[in-house]
Amino acid sequence: MNLPRIAVDAMGGDEGVRVMVEGAALARRQHEKFKFLLVGDSARIEAALDNHPNLRAASEILHCDDVVGGDELPSKAIRRAKTTSMGLAVNAVKTGEAGAAVSAGNTGALMAMSKLALRTMPGIDRPALAAIMPTLQSHDVVMLDLGANTEADARNLVQYAVMGAAYSRIVNGFDKPVVRLLNIGTEEIKGTEELRDAAAMLTAASAGGGLALQFDGFVESDKINRGETHVVVTDGFSGNIALKAIEGSARFVTDLLRQAFTSSLRSKIGFLVSRPATELLKHHLDPNNHNGAVFLGLNGVVVKSHGSATAKGVAHAVAVTARLLENKLTERIAQDLAQLGEDTLRKNVRSAATAAPQPAGDSEATA
């Protein structure tokens, strides 16, 4: 199958052109069907392509020497959407010059530019940032929203669940992914009103079996990586905090092991004996092996690579992008939203609004 080419913001990320071009070249070596539109300073891109003739043969360059700063406010960056490498990469998706865009630049600016250029899909109020994370099982867990929106009401959370399930079906191959809402407890009375309302909507919507997901209530943050849940849904504020806590814990474990294995001659010998196991752990915790967060809910595919990603990480983000194109992510989400139906959402919103109030003295978020 011939895939639409992928627009790569070659100027984004901590190291810019070198890593982005090298990552695209690595992805091209792994998958010969990939084609690219490399957006950025043509002289620098041409110089980088000298080391990657295979990529040169599959790429076109769109010159642009204006770059969105890593700490630039989205409101400022969006005014330069027509002159920056990030903005032009996203615009290539809008015009059809590319099927998808990949950038390692400023997340807020990328979200703002993507939403303005591509607009949200019918039936989606707000797009969400979704990523995959490792678990103890053989599959990854999809989590959203990870920072696109700091707040989310019950309706938004239901839409996130539908989009996350569609994404999980593509990346993990599940027919009906298990979906849970992130909460401070698993009991039905726990959490905010929005969470409880969203749970009621998803329970009712999935009861008939029409939706391609299995809603299974709430999940606590310490269970995210157990592998028992395929999709974890939350607001962007909570999701971003949870993601960074998980990433920090992973770095803490690896750094602790490094210190332990270098503390004495005996521990160094122990490291040599246990090296196969530690290498497996390192591979599992390496964020480059899970790089590539997706803005779900837009009329087009936009993937955010981590700013500090290596060429290996960029290649993984490109591979994720191609997989979403190949499996027609936006079409799948549209089909699932149609199955959910606007009437179902309205009905459940009304039901939640008229539900019996909590007994006096009960807290809205019971700890």
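This report describes the fold, the nonpolar cores, the one cavity and several individual residues of a single chain.

**Overall picture**

The model is predicted rather than determined by experiment. The chain contains 13 helices and 11 strands, and of its 367 residues 49% are buried. When contacts between residues at least 6 apart in sequence are considered, 72% of them join residues at least 24 apart. The accessible surface of the chain amounts to about 17300 Å², and carbon and sulfur atoms account for 53% of that area.

**Nonpolar cores**

The largest nonpolar core has 73 residues, and the members that touch the most other members are Phe36, Leu144, Tyr167, Leu181, Val233, Leu296 and Leu324. Helix 7, which spans residues 154–171, makes the largest contribution to this core, with 12 residues. A second core, separate from the one just described, has 37 residues, and Met111, Ala117, Leu146 and Phe295 are included in it.

Leu296 deserves a closer look, being one of the core members that touch the most others. With its neighbours within four places in sequence left aside, Leu296 is in contact with Pro127, Ala128, Ala130, Leu144, Met163, Gly164, Tyr167, Leu329 and Ile333. Two of these partners, Leu144 and Tyr167, are themselves listed among the core members that touch the most others.

**The cavity**

By the rule used here, the count is one cavity of 30 Å³ or more, and the volume of the largest cavity is about 30 Å³. The residues that line this cavity are Phe295, Leu296, Gly297, Leu298, Gly300, Val301, Leu329, Thr330 and Ile333. Strand 10 (293–296) and helix 12 (329–340) are the elements that give two or more residues to the lining, and the largest share, three residues, comes from helix 12. Sorted by class, the lining has six nonpolar and three polar residues, with no charged residues. Leu296 therefore links two parts of this account, because a nonpolar core is made of buried residues and Leu296 belongs to the largest core while also lining the cavity.

**Backbone features in loops**

Three loop residues stand out for their backbone geometry. The peptide bond that runs from Leu144 to Asp145 is cis, with omega near 0 degrees, and Asp145 is placed in the loop between strand 6 (141–144) and helix 7. Arg119, which is not a glycine, has a positive phi, near 65 degrees, and it is placed in the loop between helix 6 (107–118) and strand 5 (128–133). Lys328 likewise is not a glycine and has a positive phi of about 55 degrees; this residue lies in the loop between helix 11 (311–326) and helix 12. Lys328 counts as partly exposed because its relative accessible area is 44%, which falls between the limits of 20% for buried and 50% for exposed.

**Residues brought together across the sequence**

The table gives three pairs of residues with their separation along the chain and the distance between their C-alpha atoms.

| Pair | Separation in sequence | C-alpha distance |
|---|---|---|
| Glu32 and Ala58 | 26 residues | 8.8 Å |
| Val314 and Val102 | 212 residues | 8.8 Å |
| Phe237 and Gly147 | 90 residues | 5.9 Å |

The residue named at the start of each row can be placed in its own setting. Glu32 lies in the loop between helix 1 (17–30) and strand 2 (36–40), and with a relative accessible area of 48% it is partly exposed.

Val314 is found in helix 11. Is Val314 buried or exposed? Val314 counts as buried because its relative accessibility is 1%, and the limit for a buried residue is under 20%. Not counting residues up to four places away in sequence, Val314 touches Val19, Met20, Gly23, Ala24, Asn291, Ser305 and Ala309.

Phe237 has its place in helix 9, residues 236–261. Its relative accessibility is 51%, so Phe237 counts as exposed, the limit for that class being over 50%. With residues up to four places away in sequence not counted, Phe237 touches Asn149 and Thr150.

Conventions:
Residues numbered from 1 in each chain as written. Predicted model: local features only at pLDDT ≥ 70, side-chain atom pairs only at ≥ 80, totals over all residues. Heavy atoms only, no water. 1 Å grid on protein atoms, 1.4 Å probe; cavity = no way out; pocket = protein on both sides within 12 Å on 5 of 7 lines; lining within 4 Å. Points joined across faces, edges and corners; volume = space filled by probe spheres on them. Helix = DSSP H or I, 4+ residues; strand = E, 2+ residues; numbered from the N terminus. Nonpolar A, V, L, I, M, F, W, Y, C, P; charged D, E, K, R; others polar. Core = buried A, V, L, I, M, F, W, Y, C linked by side-chain atoms within 4.5 Å. Buried < 20%, exposed > 50% of the residue type's maximum accessible area, 1.4 Å probe, protein only. Contact = heavy atoms within 4.5 Å. Areas by Shrake-Rupley, 256 points an atom, 1.4 Å probe, with all protein chains shown as cover.
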